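Here is a short report on some inner features of a protein model. Take a look at the structure before reading on.

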Amino acid sequence: MLVKTKAIVISSLKFQEKSLIVKCFTLSNGLKSYFVRDAFSSRKAGQKIAYFQPFSILEIEAVHKNKGTLENFKEIKTAVPFQSIHTDIVKSTMVMFLSEMLHYSIQEEEKNEQLFLFLETALTWLDHHDEISNFHLIMLLEITKYLGFYPDLSENNLPFFEMNEGVFIHFQKGNVLTEHETILFKKLIDLKFDNDQKVFHVLERQILLKIVIDYYSLHLEGFKKPKSLEILKEVFS
């Protein structure tokens, strides 16, 4: 079946010497993996590979056989031409980390139009702003809405956050954040991209990042901590 759709690049893996396997989150069909033959061999290889940087937003025409095998692109062009995401060291490191998080988070081949539109909006915001210290934290927490484990805020006046059930409780028992961690987590829940990015200092941001990654680990089967986590910590230390 020939499909025309927008697609966000989640990851690309070199296959043998000349080819790529590219995982994309598509607007029309959710998660799809594509085989790009001879990506490194043509005179325009650099131009071709540039399409497949983490979180590039593409307009693609592709043949989807929907048999659980690798699909094939027929035509590719940039849908959203980023100005800074892939050239600014802080943004590119953040994007590398976030794309790796999504690589381990989005497991199923099913359409999730709302998640796609959120990612597109968030990445466009990132490209146009410089105060981005909390962007990765806000984005990861927002993504849990679309993956089905956003915290239950019905009793968010309570002092402790229980990680397994994603609820606020009266007492510190089981897998529960400390009172201080819960205060930080509540602050994060209230944050939007346009809020003051200096609301947390470096140590608080590191605490929150660990909380969010642990939260993903608890709620997603097969989730792995991103290898790029240490690079991200270096950039923000």
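E204 is buried, yet it has no salt bridge. The nearest side chain of opposite charge is K187, and it is 5.2 Å away. A salt bridge would need a side-chain nitrogen of Lys or Arg within 4 Å of a carboxyl oxygen, so K187 does not make one with E204. Keep in mind that this is a predicted model.

E204 lies in helix α6. Which residues touch E204, leaving aside its neighbours within four places in sequence? They are H180, L184 and V199.

Helix α6 spans 202–219 and also has a part in an enclosed space. A search of the whole structure finds one cavity of 30 Å³ or more. About 80 Å³ of space lies in this cavity. Its lining is made up of H136, V202, R205, Q206, L209, L232, K233 and F236. Where does the largest share of that lining come from? It comes from α6, which gives four residues. Helix α7 (229–236) supplies at least two residues of the lining, as does α6.

There is an open space to consider as well. The largest pocket holds about 260 Å³ of space. F25, S105, I106, Q107, E108, E110, N112, Y146, L147, L220 and E221 line the pocket.

The table sets out the two spaces.

| Space | Volume | Nonpolar lining | Polar lining | Charged lining |
|---|---|---|---|---|
| Largest cavity | About 80 Å³ | four residues | two residues | two residues |
| Largest pocket | About 260 Å³ | five residues | three residues | three residues |

Now turn to F97. The place of F97 is in helix α2, residues 89–105. Is F97 buried or exposed? F97 is buried, because its relative accessible area is 0%, and the cut-off for buried is under 20%. Leaving aside neighbours within four places in sequence, F97 is in contact with H136, L140, L209, I213, P226, S228, L229 and L232. Some of these names have come up before: H136, L209 and L232 are also among the residues that line the largest cavity.

One distance sets F97 against another part of the chain. F97 and G174 are 77 residues apart along the chain. Their C-alpha atoms are separated by 29 Å.

Conventions
Residues are numbered from 1 along each chain as its sequence is written. This is a predicted model: local features need pLDDT of at least 70, side-chain atom pairs count only at pLDDT 80 or more; totals for chains, interfaces and linings use all residues. Side-chain values use heavy atoms; hydrogens and water are left out. On a 1 Å grid over the protein atoms alone, a cavity is a set of points where a 1.4 Å probe fits but cannot get out, and a pocket is an open set with protein on both sides within 12 Å along at least five of seven lines; lining residues have an atom within 4 Å of a point. Grid points are joined across faces, edges and corners, and a volume is the space filled by probe spheres set on the points. Ala, Val, Leu, Ile, Met, Phe, Trp, Tyr, Cys and Pro count as nonpolar, Asp, Glu, Lys and Arg as charged, and the others, Gly among them, as polar. Buried means under 20% relative accessible area, exposed over 50%, partly exposed in between (1.4 Å probe, protein chains only). Lys and Arg count as positive and Asp and Glu as negative; His and the chain ends are not counted. Contact means heavy atoms within 4.5 Å.
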